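Me: Please give me a close look at one part of this model, the packing of its helices, and then set that part in the context of the sheets around it. I would rather have one careful, connected account than a list.

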Amino acid sequence: MISIEALSYNYPDGTNVLDSIDLELEAGEFVVLVGPNGCGKSTFSRHLNGLLRPTTGSVKVMGMDTIDPSSLWRIRQSVGMVFQDPNVQFIGSTVEEDIAFGLENLALPPDEIKKLVSEALAVTDMEKYRCFSPGSLSGGQKQKAAIAGALAMGSKFLVLDEVTSMLDPHSCTEVLNIVISLKNKGIGLLYITHRPEEILIADRILVMDQGRIVADGTPLAVIRELGFDHDLFEIPPLMKLALKLEDAGVIRLNGCEISPLSLTEEICRSL
C-alpha cells in the first residue's frame, strides 16, 4: 500500500503545487489520474517513489517513509516510474543491458539477473529485441522496454506518466494491453493520461485540480458526480452516450463496465 497523508509541496520560490492530499493506493488497483495541464499530476507522481519529498505531510510505501534516506533504495525498487519520454530512462547500450543495470546494482548473482531480465522481456513481449539498442526502437517498443526495466526490479507499483501520449494507435493499444495484464498480476498502477478512452478501463479515477484531489471513485461514479459541464478532463464519448441513454430511461447501468460490447448488450436487453 502507498499511504499519503496531508501531502503538500511548494516549489523553491514558494509556489504551492500540491495542497493537503490524503490518499491510499492499493496493490492490484488500476488508478487513472486526470486533470488539466499544470494541475500537479506529474509533481504528485514523483512523490510516490521519493523523486520529490513533501514540503509537509508524508508519503509511505509499505510503511517506508520517502523522507527517510535509508529507505529510498527499497522504495524505488517497490515503485517503478515510466515517463512520457522513455529516452530519459535508458542507460545500457542494449535493451538487455539496460534492464539488467538496476539488478546489477543489487549485486544479484548473474544467473538470477539473467532469469529476471528474461521474465521481464517475456511479460512485455520484447524478447526478440533484447540485443537491440534502445535508441533503435519504435516509441511503443521503448515504452515496453522501460516497463520491463521496472518489472525486473520487482516493482509492486508502477507509475506511468502519459506513456501513450506520443504513440500511434497500434502502439498505444499494445502498451495498454501490457498495463492491463500487469494489473491482473496484482501490480498497483497509477496511470496519468489525457486520452479519454483510457478512463474507461480504470478501477478508479482521481481528478486533480489546482493541486487537490477533487473527485475519487469509479469512472461512472465520478462522471455522475461532476456531470458533463466542466473542463477538468475530457469525458469519453461512450460514457456520455451511456449516461444519456440512462437518463432517457433506455438502459440501466448499475455500475456495469462501459465498453462498446457491454453497452450494446445492455441496449439489446432493454429492447
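Reply: A crossing of two helices is called right-handed if the near helix is turned clockwise from the far one by less than a right angle, and left-handed if the turn is anticlockwise. With that in hand, α3 passes α4 in a right-handed crossing. The model is a predicted one, and the average pLDDT over the protein is 90, with 99% of the residues scoring at least 70. Confidence is lowest in helix α9, residues 260-270, where the mean is 82, and highest in β1, where it is 97.

Two packed helices are described by the angle between their axes and the distance between the axes. For α3 (residues 95-105) and α4 (residues 110-123), the axes come within 10 Å and cross at roughly 125°. That angle makes α3 oblique to α4, because angles of 65 to 115 degrees count as roughly perpendicular and those over 145 as roughly antiparallel, while this one falls in neither range. On the α3 side the contact is built from V95, E96, I99, A100, L103 and E104, which meet I113, L116, V117 and L121 of α4. Sorted by class, these residues are 8 nonpolar and 2 charged, with no polar ones.

The helix α3 also has a second partner. It packs against α5, residues 139-152, at an angle of about 30°, with the axes 8 Å apart, and that makes α3 roughly parallel to α5. This crossing, too, is described as right-handed. Here V95, I99 and L103 of α3 touch A145, A148, G149 and A152 of α5, so that the contact comprises 6 nonpolar residues and 1 polar residue, with no charged ones, Gly being counted among the polar residues. V95, I99 and L103 appear in the contact with α4 and in the contact with α5.

From α5 the packing continues to α6. The axes of α5 and α6 come within 9 Å and cross at roughly 20°, and the two helices are therefore roughly parallel to each other. Their crossing is right-handed. The residues that meet are G140, Q143, K144, I147 and L151 on the α5 side and S171, E174, V175, I178 and L182 on the α6 side. By class this contact has 5 nonpolar, 3 polar and 2 charged residues.

The helix α6 leads on to a sheet. That sheet is open and has 6 strands in the order β6-β7-β8-β3-β9-β10, with mixed pairing. Its edges are β6 (79-82) and β10 (212-217), each of which has a single partner strand, so one side of each is left without a neighbour in the sheet. On average, neighbouring strands of the sheet are turned by 20° against each other, direction ignored. At the β6 edge, β6 runs parallel to β7 (residues 157-161) and is joined to it by 4 bridges, with V79 standing opposite F157 of β7. Helix α6 (residues 169-184) packs on this sheet, touching β3 (30-34), β7 and β8 (188-192), and the direction of α6 makes about 150° with that of β8.

A second sheet completes the surroundings described here. It is open and consists of 4 strands in the order β2-β1-β4-β5, with antiparallel pairing. β2 and β5 stand at its edges, and since each has a single partner strand, one side of each is left without a neighbour in the sheet. Strand β1 (residues 2-10) is paired with β2 (residues 16-25) over 6 bridges and with β4 (residues 56-61) over 5 bridges. I2 stands opposite L25 in β2 and opposite V61 in β4. V61, in turn, stands opposite M64 in β5, where β4 and β5 (residues 64-65) pair over 2 bridges.

The turns of this sheet are worth a look as well. The hairpin of β1 and β2 has 5 residues between the strands, and in it G14 takes a positive phi near 95°. The hairpin of β4 and β5 has 2 residues between the strands, and M62 in its turn has a positive phi of about 50°.

How values were computed:
Residues numbered from 1 in each chain as written. Predicted model: local features only at pLDDT ≥ 70, side-chain atom pairs only at ≥ 80, totals over all residues. Heavy atoms only, no water. Axes fitted to C-alpha atoms, helices over the stretch in contact; angles between N-to-C directions. Parallel < 35°, antiparallel > 145°, perpendicular 65-115°, else oblique. Contact = heavy atoms within 4.5 Å. Pairing = 2+ DSSP bridges. pLDDT = per-residue confidence, 0-100.
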